[in-house]
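Here is a short briefing to read with the model open beside you. It goes from the whole chain to one helix.

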Amino acid sequence: MLPKRIFMTGASGCIGHYIAEALIQSTEHELHLLVRDPAKLKFDYQARPGIHIIKANMRDVDRMEDLLASMDVAILVATAWGNAQETYDVNVLKTLRLMSLLDPERCEQVIYFSTASILDRKNHLLKEAGQLGTDYISSKYSCFQQLSKLAIAPKVTTLFPTLVFGGDEHKPYSAVTSGIPEVVKWIDLIRFLKADGSFHFVHGRDIAQVVQHLVEHPPELGQPRQLVLGNARVTVNEAIETVCDYLGKKIQFQIPLSSVLADVLIAVFRIQMAAWDRFCLKYRHFTYEHVVNPATFNLPTYCATFRDVLKVSGVPGQGGVRAAEAKERAIAE
């Protein structure tokens, strides 16, 4: 297979690091990586020939018209989380503009990253995401609605990641992974709570495997081009049980945390919640049909269970906790 010319945005982020590293190490494709600050790249982009760093941002896409027209594949991971105007400008206007500059005759595939938050449980657009969603979520909702108007639309593969875990000393941590220490810190309290809710998750390395597979094997006519990335559904209670078992914590009883009780606690403690947060609290089950992960394509899955999440995130298991406690006692003595 001949090397492909690939244009990629968002390489400096968590997901971007895993994808760029996989393409550098496992393929001979020519990579053009658009990054605002090359100093943030923790992977070796000089590991082999054919890797080009473009120091610019999404607002500069019109200056890259000739380059974009020469691409075989575009992988669009970059996203903005700033103020409302910047978020809409980058996530909608500039993203759509970039796709419009690709040559529909030459470019064989656009792999566009959206978010599963804009979908309902049947994988249809969730209207509340557009009406109540954060600036980020509503911008992703708006962009997805407009994809069909593009000339390149038949070649766009849209990925909807669920909760994304990932990051280590060589890669930025995802927002969810950054919150794991807080969960571990409060597990002695959390273990006594029981909640009605469920979710999917996926690790950055597994996302990279799926992307690499799609680069090598673009969906054919009639095959799905809207893929929700995630592992099997996990309930909140199953996640709590897994964390407790992993840490060697016993669950003797649990108090059901109903939406009514949550509303009372919010009122009593005067907790400020945005409209989207309140919707999520009542919606509870962020689950989807036909989730996709490496196993879907007969590839090994790096992180398939919630126990795997804890392990690869560096959380010490029961043995590790006991060893750490013994070490602390020895130091104290």
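The points below cover overall shape, surface and charge, and helix α1.

This is a predicted model, in which local features need pLDDT of at least 70, side-chain atom pairs count only at pLDDT 80 or more, and totals for chains, interfaces and linings use all residues. Residues are numbered from 1 along each chain as its sequence is written, and side-chain values use heavy atoms, with hydrogens and water left out.

**Overall shape**
- The chain has 14 helices and 13 strands, read as DSSP runs (helices: H or I, at least four residues; strands: E, at least two) and numbered from the N terminus.
- Its radius of gyration is 21 Å, which agrees with the value near 20 Å for a compact globule of 333 residues; this is taken over C-alpha atoms, and the globule rule is 2.2 Å times the number of residues to the power 0.38.
- Along the principal axes, the C-alpha atoms fill a box of roughly 65 × 45 × 35 Å.
- Among contacts (heavy atoms within 4.5 Å) with a separation of 6 or more, 76% join residues 24 or more positions apart.

**Surface and charge**
- Of the 333 residues, 46% are buried, meaning under 20% relative accessible area with a 1.4 Å probe, protein chains only.
- Carbon and sulfur atoms hold 54% of the accessible surface of about 17,100 Å², computed by the Shrake-Rupley method with a 1.4 Å probe.

**Helix α1**
- Helix α1 takes in residues 14–26, and ten of its 13 residues are buried.
- Among these buried residues are Cys-14, His-17, Tyr-18 and Ile-24.

Note on methods. Buried < 20%, exposed > 50% of the residue type's maximum accessible area, 1.4 Å probe, protein only. Expected span 1.5 Å × (residues − 1).
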